[in-house]
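I have opened my notebook and want to look up a few things in this model. I'll jot down each one as I go.

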Amino acid sequence: MPFVASTSKHPTAVLGAVSGFFLGNGESLVLLNRLNVVSLFSETAQGFEHLRDFTLFASLKYVEALPLFDSKGSGRHVAFLFSVKQEVSIVAFERNVDGTIEMVTLFHGDVDTCFYQERPNEASLCCSGSYQTSRNDVLPLVTFSIHRGSVFLFDVAAAIAVYGGKCRNASLVLEKLFSPDYAQHVLRKQKKQTLFVQGHLNASELDVRSMAFGPYDSDKNAVALYVLYADSSSKTHVSEYSIYIGMNEEQHRGQKKNICPWLPNTLDVFSRGDVFRRKTVFLANVETNACLLQVNSEGLFVLGPQLMTFVSWKIAANQSNMSKNVTTLAFPSFSAYVEPVCSASLPNREILIFFWDGTYVKTAVQEESEGLNPNKVPVVNLAMSSLRTIPDSLAILSGGHCVIGSRMTDTLWLKWCTGESGVLLENCGPVFDLTIAVDGPRMGVIASTGVGMGGGVSLQRSAVNFRHDAAIDKLLNVTRLFAAGDIFIISFPGYSRVYQFQTTPNMTTIKELSETSFDKSKETLSLVYLSERNTFVQVTSVGVNVVKGGKGVYIICKNEFGIQHASANAKLRLLVFSSSRFVSVVDLNTRNTRASLEVENEVSCLLISSSQGFVIGEWNSGAVCLYEVQDGEILLKGRIFCSATSCSMCILSHPYTPRLVVGLLNGYIADISLEAILMGGGARETLIRMQPVELFNLESHNAVLCLGEVPLIIILCDTGFQLTGIDFNDVAVCAIIECSHISSKYIFFSQSENSLAFGNIVDLKKLNSCFVGLKATVTRVKYIAWWNFFVISVRRNEKDQVFLLMGHELANSWVPQNELVSIELLENERCVFFETVVLGGSNESPDGNEADKDKAILLGTTFAFPDEQLPRSSRFIWYSVEQGKLLSERPQLRQIGSKDVEGALQCCCIVPNYVGRIALGINGCIALYSWNAADSVFVAEETICIGTIVTRVLPIFQGDASYMVAFDARHSCFFIQVDTIQGSLEIVARDSEPRGVMDGAVFQLGNIYDICFGDDYYNFFCLSRGATTLPSASNAISATVSSGKLKTRAQYHLGDMVTAMQLGSFAPCSVTNSAVPIPTTLIPGICGPQVVFGTSHGAFGTITPVSNETYLFLKALEVAVSSVVPALGGFEHVTYREVLRAGQERGYSRNASFENVNVVSSEVFNKRRKRYLSRCVCSGDLIESFLTFPHSIQQRILREADSRIKSCYSSLKSTLEEFFEHTDLDNSFVEKSDDYLDECKTTDEVNALFSESGLPNLPLTRETVNEFLQNMQRIH
C-alpha cells in the first residue's frame, strides 16, 4: 500500500546554537539547529527578531560557526553542517536587495575516509578552531567524531577551494560574499587532495568526553587540540594533540622520528603522523566526573559537577611547573548531582557555565596574584542564578545577549549582564505517548509531551482554541444571535429575548431585560448600533425599529410580505433588506430609502459588500448578483451562477481584492474574488458537507465559520483556503461582540448542548496545541471512551502517580481545574501501560459490549531500581470506575485486584476472539493470562519468547480468528497466531531485518494487513502480511501455519525518531467518517484511516494511505518538483529519503569506479543499494511546495511530470503494485519521445485510468493540480 507522508508540525527541539556575523555586515545573528530546519534570528535591543527558516533535506547532528575574515577584518561567518547520514556542508547567508535572506552552498560532500554508516547516537563530539597559514591568513578547521575512539579533521578553506573548482560560477559567488583579494588568494588557493583525515585516538583514552581547540600557535599551520577523557582506571585527564596543516617538504624532512614507536603514548593517531600527533598529557588527574572543556584567551577550563580547573596559557608554556600552578575552584553546592553541559566565553575575562538543571554560574579570571604563588592565576565565581530549562547549547552574541538551546524544553534568551530572560522558541518537548479521542466524525490527538517542569498533556488537532468566559444554558430553538453596543438579542421562532452587558470595574455580567424598547414579539433579523447618535437599529420580520433614549419607533413596516433577509453595517451606514422579490437599500444616517429593486426570483440571502454595493443570492436560478447603488438607482455589476441556490455569504479581505465565499444548499462552498465577478469569471466550488452550508464571518480573524453538526473554519491563504475545526459540537448560530470594554468577542450557540458560550478565539492556525501543564513528565496517557476521561501517569522522583483528567478539562485548559486526585503507587514503582478490558468478556471487538460492571482499566507497573538495567519484578492492577453522583464530580478508580509478574512488564492488549484473555509483553516474551471469575483473578497460561524487549502488542480482529502483532526494541515485529482451542501461541510471520521499534499501527485492507512503524534510525516501514484463517476443530492436524517473512511494502526516511504512533488524524474530520465527506471527496484514492505520529524532537506528522494510481500521480509530481527545488546546503531529496541503516556504504565505498571493475561487482553494488531506496512513500511536504512556485516554474514541473507518467506507463509490464516494488521511481524513469510513448501507452489510456480514480488528466494543468494539492493540504 503506498503512502503520503506529511509534516503537521516541524521539530521544535534545538540541537545546537551558534552565533556569528553570518551576513557580513556587523549584524550579530544566532543560528539554531532544529534537526531538519535551520533558523536565523537577529539580535535587537529588546531581544531577538526571527529572520527566516531554512528546511533542509537532512537531519543535522552538528552545527558550527566558522570565521572567514581577512587581515582587515572584512568577511563573515559561515556555517558548518553535519548530518546523521555523514554528509558535510559549508553554507553562507546573503541578504538580497528585497531584504530576503538566501542560503549559499560553498561545499557539500561525504566524509570520504569513513567507509560505513554509524548509528546516529554513536558519538557526539564536535568543535571548531583556527590556524594561521604561512601567509598570515587565519583559517578555520573542524574536528568531529562519528564513532567512538576516532575523530575526523576537516580543512574548511581547502574544501571551499576544491568544491569551487567544480562549479562554473564559484569565483563570482565567493567574490560576492568576500573581498575579491581574499576570495582569489585565500579561498581559491587552499588546494588539498584529502579534505578529511581520520585516525584513532590514543588507546588509553577510553571514554572521550569533550574536545576543544586552543588558540592557534605562533608556529605556522599548527594548532593544539585538547581532549578530556577517562582511562581504564576511571581517572580523568586532559591530553594535548598538535595538528599540523599544509606542511611543506622542508618541514617534512625536519620532522623527528619517534624513538620508541611501540609505546602507546607515542603512537601517531593518523596514518600521516605529520598531520595529527599526540603531544602529551596536558593535565593529569582532574576531577573524576569532569565532562566539559572550555577555552578562551586566558587559558583552559576543565569543568566538572563540583570543581573547575583552570590553566593559564602563560603557565602552560612551562610544563615542568604547570602542575603546581593549576587553579582549582569549587562551584556553589547543589541540592543534587548536576553536570555542566555547555559554556561560553564572555568579555572581561569571564565565562558562562550552564548546568543541566538550568543553573548557570558566571566565573571570572582575575589579575595575577602577588601572594605566595604569583604564578597561580585566581578564578572566582561572580554570580549564580537559574533558568527554567534543560540546556544543551549556548551561543554568546556581541550585543549582550546569549541563547540557551534545549532539546527538551523551550529555547531561551538571556541578558548575561542583567539576568533578564525570555522565550526565543517554544518547544513542546519529546513525545512519549499518543492516544486518540473520537468524538463522532472528529478526532483529537492527545500527546504526553515535555520533560520535568515543562511536562504535561497536549491536545493536538486541527481546531482553533476558544477561550470560554461565560455561558447561558438551557436554551432551545435559537435561530439567530445579534450583538451591538452593550445589547445582544437572541432570536427564536416568532419572538426574541433581549440581554444587556453590565460592566463593573471587576467583572461583566449579563442581564435579561424584561421591559425594553426593542420589539421582543417578533423575530429579529439584524441589529446595529450607531455610536455617534447612541441609536440602535433593529430589523425584525415586520420592519425596521429604531431605538433611542428608551423609545422604539418603526420607521419602515412590511406587514404584507414581511422581511426575510437583512444585512446592516454600522461603519458603512447602510442597511439592505429583502421582502419576497423586493430589495430595499436604507441610509442609516438619514433613515431614508435610497433605492429599491425587484429581482426575477426570490432572494435566498444578501450581504453588504461596500458603501455603495451589495450581493444577492436568488432562488431557483442559482445566481449570485453584485449590485451597486448610483444616483438612486441599483445597477447590476456582475453575476455568477453556482451549482445550487446560495444560502449564506461572507466577504473576506485579501491583499489584492476581497473574496466572496458562498455557502450552497447542496453542501458546496463557492469561492471567487469580487473583481472576478465584475469580469464575468467563474467561482471555484468545493464539497464541504452533505447539508446546506451556513457561513459566519469571523471578521477579526479573516476566516469563515461553517456552521453545523461538525463546525469547520475556512482560513483564506494565497493558494486557496485551509480547513480547520473548532472545539464545539453542533454550532448553530454565532454573533460578534463589538463592545471594546468586553473581553469576550464571540458568542456561539451549541444546539446539541443547548448552551450559549461567550469567549474569544485565541489561536487560529491549521494545527493547534492545547497544553495542560502538570509540571512533571507524563509517561503514559490513555483515552477511556467508555467514561470520556483520560488516565495519565506522571513521573515523580520516588514513584509514579496516576491521575484522571476529564475530557472537557483538556479541551478547555484555561478553565480552572479541580484538584486532581491521584492513585499512589509503591516506592520505585513506574507505570508502563493502561488498557481497557471487559473482565471475562468475549473480546470480539476492541470496544466491548458487556455490562458496565464488567468493564475495567488495567494498570501495568514495574519496580525500577537504579542498580538494575531491567526491572526484575512487575505487577498489573485492575480498577473499576465509580461515577460521581453529580455531573461536577470526578469519577473515581476503585482497585479490584492485582497480579505480580516476574520480569519487566512493558505492554498489554486483549486477545481477540478469545474469551477473558489478555496478552502481556514481559521482557522479550508474550504471555497469555485468563480471567478466573470464581477467584476474580488473572491466571497465567501460555508464554512464547519472540525478541528482546516487547514494546507494544496490538490485537487483530478478523472474523473468528485470533491474531496479534508484537513490536520489539531490537527485532522489529512479529505476526502471532493464537490457537483458541489449544491455547497455544505461534509466530506465523516475522520481519527478517533487525529494527528497533518503539510503536506502530496496523492497517487492515480486505485480507491484507499492513504493519506500519518507525525504527531507531529515523525510518518508516510498512510490512505486509496476508490473512490466514484459523482451521476448524475437525481439521486440527493442519492447524500449524508455516512461519514466513513479513514483506516490506514501503520504506522511507522520515528524518526523525518516531516515539509514538496511532491510527488517527489531525484533520477536522477523520478520512473514514461518513457524516462529513470532506476527506474522501477532496483526495481521491484514500485507502484507509490515517496514521499520526510524534517524534523525539517534538514533531508531529501524518501518514495517509493512497491508491496505486494516486501514488503514481503524486510520485511523478514529487520527482518533478525535486528537480527544480534548490538543494539547500547541497542536501538532495532523493538521498535524504533513502532509509538509514548501520553499515551502509559511505565515503569511498560509494565510489562509482568500484562498480566498473567487473559485471559481478556492479550487480552486487546495485542489489545492495536497492535495499536502501525509498519505496512506495512520497513526501507530501515537497509535493505541496508546488503551490509556492511562480507560474513558469509550475508549467515546467507539469511538463516533466507528464513525461514521467507516460514513461512509467511505457515501462509497465505488470500491475502497478509490482512495478512500484521493483522500480526506482526517483531515478529510473525512461526518457522517450512523445511519438514512441503514444505507440506504447497512449495518453487516452492513462487518462482513462486517472479519470476512473478521480485524478487530473494529462496533459496536467496548473488549475487542476493546484486544486488537487490545496485539497491535499486539508486532510492533515
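Which residue in strand 77 is the bridge partner of Phe975? I looked it up, and the partner is Ala989. One thing to keep in mind from the start is that this is a predicted model.

**Entry 1: the sheet around that pair**

I began with the two strands involved. Strand 76 covers residues 972-979 and strand 77 covers residues 984-990. They pair in the antiparallel sense, and I noted six bridges for them. My reminder to self: strands of a sheet pair through backbone hydrogen bonds, either parallel or antiparallel.

Next I wanted the wider setting. Strands 76 and 77 belong to an open sheet of five strands, in the order 74-75-76-77-81, and the pairing in this sheet is mixed. Its edge strands are strand 74 and strand 81 (1044-1045), since each pairs on one side only.

Then I went to the strand 74 end. Strand 74 (residues 950-958) runs antiparallel to strand 75 (residues 961-968), and eight bridges join them. I picked out one facing pair here: Phe957 stands opposite Ser962 in strand 75. The two strands make a hairpin with two residues between them. In the turn I found Gly959, which has a positive phi of about 55°.

**Entry 2: another hairpin**

I looked for a second hairpin and went to strand 28 (residues 411-415) and strand 29 (residues 421-425). They pair in the antiparallel sense over four bridges. Leu414 stands opposite Ser421 in strand 29. This hairpin has five residues between its strands, and Gly419 takes a positive phi near 85°.

**Entry 3: cysteines**

How many disulfides does a search of the whole structure find? I got zero. For my own notes, a disulfide is a covalent bond between the sulfur atoms of two cysteines. I checked two cysteines one by one.

Cys342 is in no disulfide, and its nearest cysteine sulfur, that of Cys402, is 9.2 Å away. The cut-off for a disulfide is 2.5 Å between the sulfurs, so Cys342 with its 9.2 Å doesn't make one. Cys342 is buried, with a relative accessible area of 5%.

Cys973 is in no disulfide either, as the nearest cysteine sulfur, that of Cys1022, is 9.7 Å away. Cys973 is buried too, with a relative accessible area of 0%.

**Entry 4: two serines and a glycine**

Is Ser343 buried or exposed? It counts as buried, because its relative accessibility is 14% and the cut-off for buried is under 20%. I placed Ser343 in strand 22 (residues 340-346). Its side chain has a polar contact of 2.8 Å with the side chain of Gln294.

Ser393 sits in strand 26 (residues 393-396). Ser393 is buried, at 9% relative accessible area. A polar atom of its side chain lies 3.2 Å from the backbone nitrogen of Ala17.

Gly638 I found in strand 49 (residues 633-641). Gly638 is buried as well, with a relative accessible area of 8%. I also compared its position with Met679: the two are 41 residues apart in sequence, but 7.3 Å apart in space, C-alpha to C-alpha.

**Entry 5: a pocket**

I turned to the second largest pocket, which has a volume of about 1,800 Å³. I noted 49 residues in its lining, and those nearest its centre are Ser567, Ala568, Leu607, Phe696 and Glu699.

Which strand gives the largest share of this lining? That is strand 38, with six residues. Several strands supply at least two residues each, including strand 34 (480-484), strand 42 (565-569), strand 46 (603-608) and strand 54 (694-698). By class, I wrote down 30 nonpolar, 12 polar and seven charged residues for the pocket lining.

**Entry 6: cavities**

My last stop was the cavities. The structure holds seven cavities of 30 Å³ or more. I looked into the second largest, with a volume of about 80 Å³. Among the residues that line it are Met1, Pro2, Arg1175 and Cys1176. Two elements give two or more residues to this lining: strand 82 (1047-1053) and helix 14 (1216-1222). The lining of this cavity divides into three nonpolar, two polar and four charged residues.

Definitions and conventions. Residues are numbered from 1 along each chain as its sequence is written. This is a predicted model: local features need pLDDT of at least 70, side-chain atom pairs count only at pLDDT 80 or more; totals for chains, interfaces and linings use all residues. Side-chain values use heavy atoms; hydrogens and water are left out. Two strands pair if DSSP finds at least two bridges between them. On a 1 Å grid over the protein atoms alone, a cavity is a set of points where a 1.4 Å probe fits but cannot get out, and a pocket is an open set with protein on both sides within 12 Å along at least five of seven lines; lining residues have an atom within 4 Å of a point. Grid points are joined across faces, edges and corners, and a volume is the space filled by probe spheres set on the points. Ala, Val, Leu, Ile, Met, Phe, Trp, Tyr, Cys and Pro count as nonpolar, Asp, Glu, Lys and Arg as charged, and the others, Gly among them, as polar. Buried means under 20% relative accessible area, exposed over 50%, partly exposed in between (1.4 Å probe, protein chains only). A polar contact is a pair of N or O atoms within 3.5 Å; within protein, one must be able to donate a hydrogen and the other to accept it, and residues adjacent in sequence count only if both atoms are side-chain atoms.
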